[in-house]
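Trainee: Please take a close look at one part of this model, the surface near DNA strand B. What kinds of residues make up that surface? Go on from there to whatever connects with it.

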Amino acid sequence: MKNKELAAVLDSFADVLEIKGESPFRVNAYRRAARTIDDLAADIERIAEEDGLQKIQGVGKGLASSIEEFLATGTIRGYEDEKKTIPRKLLELLSVPGLGPKTIGLLWKELDVRSLSSLKRALRGKKVLDLPGIGPKKVENIQSGIRAYESRSGRLTLGAVLPIAESLLERMAGVEGVGRVDVAGSLRRSRETIGDIDILVTSRKAKAAIDAFTSAPGVNEVLAAGRTKASVRIEDAVQVDLRVVPEASYGAALLYFTGSKDHNVRMRGIAQSRGMKLNEYGLFKNDRRLAGKTEEAIFKRLGMAYIPPELREDRGEVEAALDGELPELVELGDIRGDLHCHSDYSDGVSTIEEMAQAAKASGYSYISMNDHSRSLGIAHGLTVERLERQMGEIDEVNARLRGVTVLKGTEVDILSDGSLDYPDDLLERLDIVVASVHSGFQQSRDKITGRILSAIRNPHVDIIGHPTGRLLGSRSAYDVDLDAVMEAAAETGTALELNAHYERLDLNDQNCRRAAELGVMIAISTDSHAEDQLWTMGLGVKTARRGWLGPENVLNTLSKSKLLRYLSNKPS
DNA sequence: GCCGTTTTCGGCCCGACTGTTTTCAGTCG
């Protein structure tokens with residue numbers, strides 16, 4: 001699948017054109033296409049084979065032929081030619097906050113700035129102040145942007161960002177005059193990684209809200225502070241934007257700042273086609289505000305069903321909302337149990353009973369113990385004897401506890417030859433068998449795929465754990481043919497896991513959607529290694545919602561008896 | 001470069017903030 005590669009080339013093409021001062025609309029056309037292709041669930045090569053390139057939103061004749069060229073040759077001639085006309089390291093400067101294409105182009109042409117280091121040199125010199133539109137403050141801003149750029153770590157995981165967001169929401173809610181407080185942006189949409197945090201408030205005293213925000217604990221730097229918006233950097237890691245919005249336009253602002261950008265463009269288009277205008281202040285007809293206080297009212301006025309934030313990515317949700325065909329999405333309250341947890345038998349830190357109590361406190365009716373199998377020495381994988389002892393302890397705990405059942409399970413290794421780490425007669429005695437790859441990540445596509453397929457075909461395997469093995473920000477997915485895995489899973493009634501840990505979220509949203517379309521059941525599991533980690537189920541559910549899953553697509557929405565019946569029905 | 005209930009040309013989101021300006025350009029979201 002070359003989607004990501006192609007998207008990166010198109011985006012870089014846009015960068016080059018932008019620095020060269022090309023038409024912003026042409027630049028934007030490349031950017032839009034890059035984003036759409038990056039987001040596609042389907043393989044771009046397959047689309048090209050079926051002559052479908054121009055059916056992709058934002059891809060016309062010109063881009064289609066560029067894409068074909070890329071798929072055939074690995075690059076785009078026009079891009080390579082343009083790239084040669086600017087210094088190799090100039091593009092990197094676009095990532096410096098506060099520094100845009102115009103200024104970069106100016107600095108390059110006038111002062112021969114061609115890299116981060118020559119930029120720093122130029123900023124120390126005097127000549128830079130002679131350039132039009134550049135004064136001492138601007139120089140200082142760019143220097144601070146360079147420091148931020150050099151210390152930043154890219155997009156952050158939900159797990160890293162949520163605590164910061166929650167403490168800020170709490171602070172803002174306590175400020176005098178503040179009414180409503182919400183998080184917006186990609187965090188509200190629950191994207192798997194977050195670039196910055198957006199917070200929206202209503203307030204009778206805007207200045208007090210801005211002041212409380214810019215002086216919040218952890219703020220290293222105030223990037224901007226006006227009458228209605230402010231930006232700060234927290235703990236050198238994440239930028240947070242605050243907007244103070246009037247009550248009457250709060251819903252419009254929430255809609256606008258939740259995005260995504262592409263979703264907003266579609267929504268404004270719908271408004272336009274009805275002779276209305278939608279912006280962050282409301283939905284208007286001839287300057288008369290028709291709606292704006294709540295998101296719900298705006299959707300209603302546009303003749304659409306309410307679109308939950310997780311779906312707002314321009315992946316068909318706008319059309320579905322117009323046609324009244326949005327799916328009923330799974331909710332945290334639908335979840336009846338957790339099907340992948342560890343105890344202190346392997347690498348977890350809580351006892352079976354502690355995990356069971358935590359599950360009960362979460363309102364679950366079951367929780368499954370899936371400690372590692374014997375080959376995973378690093379995680380104290382269980383020998384056959386220790387697994388049998390654990391099964392005995394689970395019986396004891398179940399005899400003691402009311403209201404929650406501990407299921408007997410394992411996370412059995414799919415060994416590098418494709419066999420499983422326990423014999424079939426042992427697996428047969430367990431309620432839940434999760435089979436996962438923990439070794440041989442570098443194997444070829446055929447080999448890895450073959451291993452997972454043979455696990456799927458084992459009649460005792462119920463769920464494939466973290467099917468792609470990726471770790472956000474640190475390890476990319478192993479090279480597995482997910483189409484083949486999903487087809488086999490559908491055929492055999494094997495579920496695929498949506499591992500809810502914020503560094504995994506594996507399967508991701510798009511893959512969940514594709515799996516469900518093929519009739520594959522998804523198990524949303526936390527892979528908790530301690531009793532205080534069950535909360536990550538919420539992240540999994542949000543990711544599932546982003547994948548358009550309803551409760552009927554999720555294995556652990558089944559009651560205990562239905563679950564056990566489902567599991568015992570796998571054809572052998 | 002794309003697109004069309006404004007349909008093959010002429011638009012393409014637009015407002016807030018900052019800094020350098022004295023009426024505006026660049027950046028960002």
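Mentor: The surface near DNA strand B is made of 15 nonpolar, twelve polar and 13 charged residues. Keep in mind that the model is predicted. There are 40 residues around the strand, and the ones that come nearest are G98, G100, T103, G135 and Y281. On the DNA side, 78% of the atoms that come within 4 Å of the protein belong to sugar and phosphate.

Three polar backbone atoms of the protein can be paired with phosphate oxygens of the strand. The one on G60 is 2.7 Å from a phosphate oxygen, and the one on A225 is 2.8 Å from a phosphate oxygen. For R227, again through a polar backbone atom, the distance is 3.2 Å.

As to secondary structure, at least two residues of this surface come from each of several elements. The helices are helix 2 (24-39), helix 4 (61-73), helix 6 (101-111), helix 8 (136-151) and helix 13 (261-273). The strands are strand 5 (219-225) and strand 7 (238-244).

Two of those helices lead on to the second largest pocket. Helix 2 and helix 13 each give at least two residues to the lining of that pocket, as does helix 21 (509-517). Helix 21 provides the largest share of the lining, four residues. The pocket holds about 510 Å³ of space. It is lined by 18 residues, and T36, L40, D314, R315 and G316 are the closest to its centre. By class, the lining has eleven charged residues, four polar and three nonpolar.

Helix 13 also leads to an enclosed space. One cavity of 30 Å³ or more is counted, and the volume of the largest cavity is about 50 Å³. Two or more of its lining residues come from each of helix 12 (250-258), helix 13 and strand 8 (277-279). Helix 12 gives the largest share, three residues. The residues that line the cavity are A252, L255, Y256, N264, R268, L278, N279 and E280. They divide into four nonpolar, two polar and two charged.

From helix 21 and its surroundings, the next stop is G547. This glycine sits in the loop between helix 22 (537-546) and helix 23 (560-568). Its relative accessibility is 2%, so G547 counts as buried. Apart from neighbours within four places in sequence, G547 is in contact with D509, C512 and R513. As a distance reference, the C-alpha atoms of G547 and L415 are 30 Å apart, and the two residues are separated by 132 residues in sequence.

A second buried residue is T492, which belongs to helix 20 (residues 482-492). T492 is classed as buried because its relative accessible area is 15%, and the cut-off for that class is under 20%. The side chain of T492 makes a polar contact with the side chain of T494, at 2.7 Å.

To return to your starting point, helix 13 is among the elements that supply at least two residues of the surface near DNA strand B. Helix 13 is likewise listed for the lining of the second largest pocket and for that of the largest cavity.

Methods. Residues numbered from 1 in each chain as written. Chains lettered and ligands numbered in written order. Predicted model: local features only at pLDDT ≥ 70, side-chain atom pairs only at ≥ 80, totals over all residues. Heavy atoms only, no water. Near = heavy atom within 4 Å. Polar contact = N/O pair within 3.5 Å; in protein donor to acceptor, adjacent residues only side chain to side chain. Nonpolar A, V, L, I, M, F, W, Y, C, P; charged D, E, K, R; others polar. 1 Å grid on protein atoms, 1.4 Å probe; cavity = no way out; pocket = protein on both sides within 12 Å on 5 of 7 lines; lining within 4 Å. Points joined across faces, edges and corners; volume = space filled by probe spheres on them. Buried < 20%, exposed > 50% of the residue type's maximum accessible area, 1.4 Å probe, protein only. Contact = heavy atoms within 4.5 Å.
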